[in-house]
Amino acid sequence: MTVRPAAPAPRGCDHHRCLLIPAEGGGREGGSILGPPALALFAMLALLSGCTDSPPPGPPPAASARGEQLFKERCAPCHPDGGNVINPRKTLHGGVLADNGITTSAGIIARMRNPGPGMARFDRGTIPDADARLIAEYILATYR
């Protein structure tokens with residue numbers, strides 16, 4: 001059987017590499033191991049099995065006094081009590097963050113570095129990586 005590679009994987013994911021797709025013809029006559037419905041299901045499961053910003057196992061990070069202080073200085077003016085004065089639908093509470101694909105400290109830091117409309121950008125010169133991590137850990141621990 002001749003096979004061709006599946007479509008390119010999403011950034012950071014290579015789960016699709018085990019898919020076999022017939023180079024020509026398709027169907028049982030073409031030597032396909034999987035029929036189209038089974039192949040589609042298999043591809044969907046492979047792509048959904050770990051290519052997300054899923055939270056690490058175990059308890060959430062602990063909030064530090066320094067993280068709280070930094071949050072109050074840098075974030076609380078727009079996010080009092082984990083809310084959002086600019087866009088009330090995008091709070092810092094866990095369920096809302098998760099609905100927006102943010103479930104880890106890295107996800108929060110990425111949003112700080114490259115925010116959407118309405119939010120100020122906090123580059124490394126404004127908030128160094130170590131401080132950004134403390135802020136993100138504070139958010140995850142405080143606004144579950």
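Me: How many residues does helix α5 have, and how far does α5 reach from its first C-alpha to its last?
Reply: This is a predicted model, and in it α5 covers residues 129-142, which makes 14 residues. From first C-alpha to last, α5 reaches 20 Å, close to the 20 Å expected at 1.5 Å a residue.

Me: Which residues of α5 are buried?
Reply: The buried ones are D131, A132, L134, I135, A136, Y138, I139, L140 and A141.

Me: And what do those buried residues pack against?
Reply: They pack against three other helices: α2, α3 and α4, the last of these being residues 105-113.

Me: Take α2. Which residues of α2 and α5 meet?
Reply: On the α2 side they are R66, G67, E68, L70 and F71. On the α5 side they are D131, L134, I135, Y138 and I139.

Me: Why would L134 and Y138 both be on that list?
Reply: Both do meet α2. As a general point, an α-helix has 3.6 residues a turn, so residues three or four places apart point the same way.

Me: At what angle do α2 and α5 pack?
Reply: The angle is about 95°, and the axes are 8 Å apart. Angles from 65 to 115 degrees count as roughly perpendicular, so that is how α2 and α5 are described.

Me: New topic. Where is N84?
Reply: N84 sits in the loop between α2, residues 65-74, and α3, residues 94-99.

Me: Is N84 buried or exposed?
Reply: Buried. The cut-off is under 20% relative accessible area, and N84 is at 16%.

Me: What does the side chain of N84 lie beside?
Reply: Two backbone atoms. A polar atom of the N84 side chain lies 2.9 Å from the backbone nitrogen of I86. The backbone oxygen of K90 is 2.7 Å from a polar atom of that side chain.

Me: Which residues is N84 in contact with, leaving aside its neighbours within four places in sequence?
Reply: C78, H79, K90 and T91.

Me: H79 then. Where is H79 found, and is H79 buried or exposed?
Reply: H79 is found in the loop between α2 and α3. H79 counts as buried because its relative accessibility is 12%.

Me: What does the H79 side chain reach?
Reply: The backbone oxygen of G83, at 2.8 Å. Apart from neighbours within four places in sequence, H79 is in contact with F71, N84, K90 and L92. F71 also appears among the α2 residues that meet α5.

Me: You mentioned C78. How many disulfides are there in the whole structure?
Reply: Zero.

Me: Why is there no bond between C75 and C78?
Reply: The sulfur of C75 is 8.8 Å from that of C78, its closest cysteine sulfur, and that is too far for a bond. A disulfide needs the two sulfur atoms within 2.5 Å. Seen from C78, the nearest cysteine sulfur is that of C75, 8.8 Å away.

Me: How accessible are C75 and C78?
Reply: C75 counts as buried, at 10% relative accessibility. C78 is partly exposed, with a relative accessible area of 37%.

Me: Last one, the whole chain. How many helices and strands does the chain have, and in what order do the elements run?
Reply: There are five helices and two strands. From the N terminus on, the elements run β-β-α-α-α-α-α.

Me: What share of the chain is buried?
Reply: Buried residues make up 29% of its 144 residues. As for contacts between residues at least 6 apart in sequence, 51% join residues at least 24 apart.

Technical notes
Residues are numbered from 1 along each chain as its sequence is written. This is a predicted model: local features need pLDDT of at least 70, side-chain atom pairs count only at pLDDT 80 or more; totals for chains, interfaces and linings use all residues. Side-chain values use heavy atoms; hydrogens and water are left out. Helices (H or I, at least four residues) and strands (E, at least two) are DSSP runs, numbered from the N terminus. Buried means under 20% relative accessible area, exposed over 50%, partly exposed in between (1.4 Å probe, protein chains only). A polar contact is a pair of N or O atoms within 3.5 Å; within protein, one must be able to donate a hydrogen and the other to accept it, and residues adjacent in sequence count only if both atoms are side-chain atoms. Contact means heavy atoms within 4.5 Å. The expected span of a helix is 1.5 Å times one less than its number of residues. Axes are lines fitted to C-alpha atoms, for helices over the stretch in contact, and angles run from 0 to 180 degrees between N-to-C directions. Angles under 35 degrees count as roughly parallel, over 145 as roughly antiparallel, 65 to 115 as roughly perpendicular and the rest as oblique.
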